[in-house]
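Me: Please walk me through this model, starting with its aromatic rings.

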Amino acid sequence: MVTRVLPSERYTLSQARRIALAAQGLHRPRPPRSGPATARHLQAVVDRVGLLQIDSVNVLARAHLMPLFSRLGPYDPALLDRAAGRAPRRLVESWAHVASYVPPSTYRLLEFRRRADRVRLGAHPVVDGVPLRDSPVLEEVRAVVAELGPVSSVQVHERFEHRFPRSGSDWGWNWTVAKSALELMFIAGDLAVAGRTSAFERLYDLPERVLPADVLAAPPPDDADAVRELVAISARAHGIGTPRCLGDYFRLGIAATRRAIDELVEAGTLVPASVVGWEREVYRHVDAALPRRATGAALLSPFDPLVFERRRLEELFGLRYRIEIYVPAAQRRWGYYVLPFLLGDRIEALVDLKADRAGRRLLVQAAHRAPRGPEAAVVRGSAHASDVEVAHALAGELVLMARWLGLERVVAGPDGLGGDLLPTLLDALRTHVDGAAGSSG
């Protein structure tokens, strides 16, 4: 039986927010650079956040690109392509939080999950009449990858189309037999992802041609050791959090997470703490900093590590936030692809954005002040900014984002919900444009 250590530290919600923001590198303005962002800058962000969630939605910018922008400002996305697509790779794809980019060392820690998936996926359903369980198709597909890799599922399907033609419609997740086999082997670790095509399709290859030699040579860690290291990475990225928070980062079971927490407390890596208003266990990473103030500003992807655990977001910032992509348009409250806007230690606005690449415009479909309802009443410690202050700070971030995306203008979108902040934001954007014109004249 484990005897838990009583909390030795107590924090207000404002302090907990600042610890969390500092852990994510969002507590202060982006440091100035004398030139373009480099691989060293990218690595510093990855070392801090631990993973980058991957999502294919491209209405604005793909999910894994945004956390780097939020922390670095404009940068060349080719940096990330090189980090994940050229040897020696700084990042590889794995199932972590969900599909994510992780450092190769973290990929190694997730071997216990791939091992479990090999067993679980042994009962994978039939695809187009082809049973993939213990099927020779898997080895045939792997042989094609060995011959052609890195290779896309479309290229592999060409080898099998005469035997397993595509059936049904092309809508949704209508995978071919080749795609299903490739994904099974990727999840189980029998194949790895060497990069992505320009259309964001995975390029599959043999693990020995993707992973760094030291990762391939290292023996797989013991399951308990791996979980403990993953919880330590999560705790460093959180700064402060509950067992649920620390486990969710890598989607770990709560029992295994609690065992790892106990071991990390004993080792001095985690410090038991408490947060005013949180009636549950809380732990602070021993290296977590508590800045006196938070002065940064950033637009956050719906999949940013700071916000993807929604209960934590609600408890820290008083914001109940759900992505509304799959909500019917008439039922949306905030918009289709809504980004929280962080200013200081508050999420002050929610803005629905779309990149109109053909028209070279960043469309603001809606802009709302973040709600301050009953759930926000407990979030004390710093005053909310005024609408004008929020609008001007947000306008600056939107202009910066437009420049990063290669768009020329920031304008109100024609099909959005509008929102209570939109008129003030449009005034602020005009001020930014006029000011830029004046300074360049």
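Reply: Rings of Phe, Tyr and Trp (for Trp, the six-membered ring) make a pair if their centres lie within 6.5 Å, and the pair is stacked with planes under 30 degrees apart, edge-to-face over 60 and tilted for the rest. The model is predicted, and local features need pLDDT of at least 70 and side-chain atom pairs 80 or more, while totals for chains, interfaces and linings use all residues. Residues are numbered from 1 along each chain as its sequence is written, and side-chain values use heavy atoms, with hydrogens and water left out.

Me: OK, how many aromatic pairs are there?

Reply: The structure holds four. One of them joins Phe69 and Trp404, and it counts as stacked because the ring centres are 4.7 Å apart and the planes are at 15 degrees.

Me: And where in the chain do those two sit?

Reply: Phe69 is in helix H3 (residues 66-72) and Trp404 in helix H15, so far along the chain that 335 residues separate them; helices here are DSSP runs of H or I with at least four residues, strands are E runs with at least two, and both are numbered from the N terminus. Ring pairs also bring in Tyr75, which forms a cluster with Phe69 and Trp404.

Me: Is Phe69 buried or exposed?

Reply: Phe69 is buried, at 0% relative accessibility, and Trp404 is buried too, at 11%. Buried means under 20% relative accessible area, exposed over 50% and partly exposed in between, using a 1.4 Å probe and protein chains only.

Me: What about Tyr249 and Phe308?

Reply: Tyr249 and Phe308 form a tilted pair, 5.5 Å from centre to centre with 50 degrees between the planes. Tyr249 is in the loop between helix H12 (243-248) and helix H13 (254-267), and Phe308 in the loop between strand S10 (297-299) and helix H14 (310-317), so the pair ties together parts 59 residues apart in sequence. Both Tyr249 and Phe308 are buried.

Me: Changing topic, which residues have the most contacts inside the largest nonpolar core?

Reply: They are Leu353, Leu398 and Met401, in a core of 88 residues, where a core is a set of buried Ala, Val, Leu, Ile, Met, Phe, Trp, Tyr and Cys residues joined through side-chain atoms within 4.5 Å. Helix H15 (residues 387-404) gives the most to this core, with nine residues. A second, separate core has 28 residues, among them Leu26, Val275, Val307 and Ala370.

Me: Now the pockets: how much space lies in the second largest one?

Reply: The second largest pocket holds about 510 Å³. On a 1 Å grid over the protein atoms alone, a pocket is an open set of points with protein on both sides within 12 Å along at least five of seven lines, a cavity is a set where a 1.4 Å probe fits but cannot get out, and lining residues have an atom within 4 Å of a point. Volume is the space filled by probe spheres set on the points, which are joined across faces, edges and corners.

Me: Which residues are closest to the centre of that second largest pocket?

Reply: Of its 24 lining residues, those are Arg62, His64, Leu65, Asp81 and Phe200. Helix H4 (78-85) and strand S5 (192-196) each supply at least two lining residues, and H4 gives the most, with five.
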